[in-house]
Amino acid sequence: ARRLAEQLHQAKQQVVIADPKGDWWGLLFARDGKSPGLPFVVLGGEHGHVPLEVGAGELVAKLIVAEGVSLVLDLSKFRKHEVATFMTGCMETLYRLKAQEQYRTPMMLIVDEADAIAPQKPQRGEERMLGAAEDLVRRGGQRGIGVTLITQRSAVLNKNVLTQINILLILRTIAPQDLK
């Protein structure tokens, strides 16, 4: 996935990464860990350039669309319900704004631990987030939005999303239900 982000950046494409674990800030460094890497802005987390507020999802989406900036959304300091609040506002606003011709430019949304954003069995309060994820995956391409999902458990990823995804990276798949 990092290589994909690097290649998209080299092709001058906008990349936005939703990072629930807090490890994508490593994009800022080259493989040696010292030289500069990609010039992404990191919002939130331990290594963020700027803190990320739970209620700022809509505002961040406006920034993404209006400025065309590539960034990492480090959600690692958020609790589960806070991730749902932030990502719902962000994804709904991205989808709505990208419908406008002036903002219909290509971007790739990479979602790590995608089963947390598009769960097969959403908990109470996660339904809107799942609906927003479905809209982006199923219809976002018409608005210039590509989606890459990363998960270790495809069986717990929502099937409406799983069957429509542009790119899915699956890691260490050994459980029978995941292999199926």
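1. N158 touches A118, P119, Q120, L130 and E134 when residues up to four places away in sequence are not counted, a contact being heavy atoms within 4.5 Å. N158 sits in the loop between β5 and α5, where helices (H or I, at least four residues) and strands (E, at least two) are DSSP runs numbered from the N terminus. With a relative accessible area of 7%, N158 is buried; buried means under 20% relative accessible area, exposed over 50%, and partly exposed in between, for a 1.4 Å probe and protein chains only.

2. The model is predicted, and local features need pLDDT of at least 70, side-chain atom pairs count only at pLDDT 80 or more, while totals for chains, interfaces and linings use all residues. Residues are numbered from 1 along each chain as its sequence is written, and side-chain values use heavy atoms, with hydrogens and water left out.

3. Two of the residues that N158 touches, L130 and E134, are also among the buried residues of α4, which are M129, L130, A132, A133, E134, L136 and V137. These buried residues of α4 pack against α3, β4, β5 and α5 (159–162). As for the length of the helix, the 13 residues of α4 should span 18 Å at 1.5 Å a residue, and this agrees with its end C-alpha atoms, which are 18 Å apart; the expected span is 1.5 Å times one less than the number of residues.

4. The largest nonpolar core has 40 residues, of which L73, F86 and M87 touch the most other members; such a core is a set of buried Ala, Val, Leu, Ile, Met, Phe, Trp, Tyr and Cys residues joined through side-chain atoms within 4.5 Å. Two or more residues of this core come from each of β1 (14–19), α2, β3 (71–74), α3, β4 (107–111), α4 (127–139) and β5 (145–151), and α3 gives the most, with 9 residues. Leaving aside neighbours within four places in sequence, L73 is in contact with V16, I17, A18, D19, L43, V60, F86 and C90. Another core, of 14 residues, lies apart from it, and includes L8, V15, L28 and F40.

5. The axes of helix α2 (residues 57–67) and helix α3 (residues 80–97) come within 7 Å and cross at roughly 35°, the axes being lines fitted to C-alpha atoms over the stretch in contact, with angles running from 0 to 180 degrees between N-to-C directions. On the α2 side G57, E58, V60, A61, K62, I64 and V65 meet F86, G89, C90, T93, L94, R96 and L97 of α3.

6. Two residues other than glycine have positive phi values and merit a look. K12, in the loop between α1 (2–10) and β1, has phi near 65° and is exposed, with a relative accessible area of 75%. E113, in the loop between β4 and α4, has a phi of about 50°, yet it counts as buried at 18% relative accessibility.

7. H49 lies in the loop between β2 (41–43) and α2 and counts as partly exposed at 48% relative accessibility. Not counting residues up to four places away in sequence, H49 touches L28, F40, V41 and V42, and of these L28 and F40 are among the members of the core of 14 residues. The C-alpha atoms of H49 and W25, which are 24 residues apart along the chain, are separated by 9.8 Å.
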